[in-house]
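Let's take a walk through a protein model together. Keep the picture open beside you and look for each part as it comes up.

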Amino acid sequence: CSKKKPVNKKILIFSGPTREPIDPVRYLSNASSGKMGKALAEKSEALGFDTIFITGPVEKSNLPHGNRIHTIEILTARDMLEEGLKYFPEADVVIFAAAVADYAPKNFNSGKTASGLKNLTLELKNNPDIAATLGALKKPHQKTLGFALETECQPEKIRNKMNKKNLDAIL
């Protein structure tokens with residue numbers, strides 16, 4: 001695909017995993033390489049869109065390249081939401097392709113948790129739902145696309161997710 005002229009439209013893409021720290025060396029996360037987000041960002045740039053790419057920690061080789069791609073690297077779900085709130089109002093299209101951790105540890109241990117402990121309990125709290133939070137702010141001209149990784153096809157669950165997050169489409 002040849003490079004297109006700018007179309008004066010902005011795409012905001014969320015990509016990669018988030019990491020929710022337990023202590024200075026351990027964290028909860030999802031197994032996302034960020035490759036899909038990278039491909040989406042590079043394709044959107046090739047089509048002439050200005051692209052804002054917010055990503056969790058991925059290998060540098062999985063970060064997109066392009067003159068109209070602005071990459072913002074974050075760590076946690078809260079960081080991702082904070083950055084998303086800055087850029088969402090100016091976006092024409094928003095793609096929620098990140099594997100955001102649904103939960104975070106309730107408490108952060110400032111020192112490394114000792115290994116070998118028996119019956120260790122880790123209390124969790126809900127992370128913000130980035131797509132639902134931003135979807136509630138959606139303006140009529142904005143289009144949003146989400147992704148759902150499920151272990152079985154449940155069309156009603158997917159429709160409910162689209163409605164709850166105010167998405168135009170879900171894959």
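## The sheet

I54 stands opposite I72 in β5. Keep in mind that this is a predicted model, so everything here is read from computed coordinates. Now zoom out: 6 strands form an open sheet, with parallel pairing, in the order β5-β4-β1-β6-β9-β10. Its edge strands are β5 and β10 (169-170), and each of these pairs on one side only.

Which strands does β4 join up with? On one side there is β1, running parallel to β4 and joined to it by 6 bridges. There is also β5, which pairs with β4 in the parallel sense over 5 bridges. You can follow a little chain of partners here: S15 has T55 in β4 as its bridge partner, and T55 in turn has E73 in β5. As for cover, β4 is mostly hidden, with 5 of its 6 residues buried.

## Two rings that stack

How many aromatic pairs turn up in a search of the whole structure? Just 1 aromatic pair. The partners are F14 and F96, and they are stacked, with 5.2 Å from centre to centre and 5° between the planes. This pair links distant parts of the chain: F14 sits in strand β1 (residues 10-15) and F96 in strand β6 (residues 93-96), 82 residues apart.

Are these rings buried or exposed? F14 counts as buried because its relative accessibility is 1%. F96 is buried too, at 8%.

## I95 and its company

Now find I95 in strand β6. With a relative accessibility of 11%, I95 counts as buried. What does I95 touch, leaving aside its neighbours within four places in sequence? Its contacts are I11, L12, I13, F14, L40, L145 and F147. For a sense of how the chain folds back, take I95 and G37: they are 58 residues apart in sequence, but their C-alpha atoms are 8.8 Å apart in space.

## A helix against the strands

Next up is helix α2 (residues 77-87), where A77, M80, L81, E83, G84 and Y87 are buried. What do the buried residues of α2 pack against? They pack against β1, β2 (19-21), β4 (50-55), β5 (69-73) and α3 (130-135).

## Salt bridges

The structure holds 9 salt bridges. In one of them, the side chains of R26 and D23 meet at 3.0 Å, N to O. The two ends are covered quite differently by category: R26 is partly exposed at 30%, whereas D23 counts as buried at 2%.

Another salt bridge runs from K106 to E123, with the closest N and O atoms 3.8 Å apart. Both residues lie in the loop between β7 and β8, 17 residues apart. K106 is partly exposed at 46%, and E123 is partly exposed at 48%. Over in helix α4 (residues 155-165), R159 and E156 are 3 residues apart, about one turn of the helix. They form a salt bridge as well, and the closest N and O atoms are 3.2 Å apart. R159 is partly exposed, with a relative accessible area of 45%. Salt bridges that share partners also join D129, K164 and K165 into one network.

## A nonpolar patch

Last stop: the surface. Which residues make the nonpolar surface patch of about 280 Å²? Look for Y103, L122 and L124. L122 is found in the loop between β7 (103-105) and β8 (124-126), and counts as partly exposed because its relative accessibility is 39%.

How values were computed:
Residues are numbered from 1 along each chain as its sequence is written. This is a predicted model: local features need pLDDT of at least 70, side-chain atom pairs count only at pLDDT 80 or more; totals for chains, interfaces and linings use all residues. Side-chain values use heavy atoms; hydrogens and water are left out. Rings of Phe, Tyr and Trp (its six-membered ring) pair if their centres lie within 6.5 Å; planes under 30 degrees apart count as stacked, over 60 as edge-to-face and the rest as tilted. Helices (H or I, at least four residues) and strands (E, at least two) are DSSP runs, numbered from the N terminus. Buried means under 20% relative accessible area, exposed over 50%, partly exposed in between (1.4 Å probe, protein chains only). Contact means heavy atoms within 4.5 Å. Patches are made of residues with over 30% relative accessible area and no salt bridge: like charges are joined within 9 Å, nonpolar side chains (Val, Leu, Ile, Met, Phe, Trp, Tyr) within 5 Å. Accessible areas come from the Shrake-Rupley method with a 1.4 Å probe; for residues, only the protein chains shown count as cover. A salt bridge is a side-chain nitrogen of Lys or Arg within 4 Å of a carboxyl oxygen of Asp or Glu. Two strands pair if DSSP finds at least two bridges between them.
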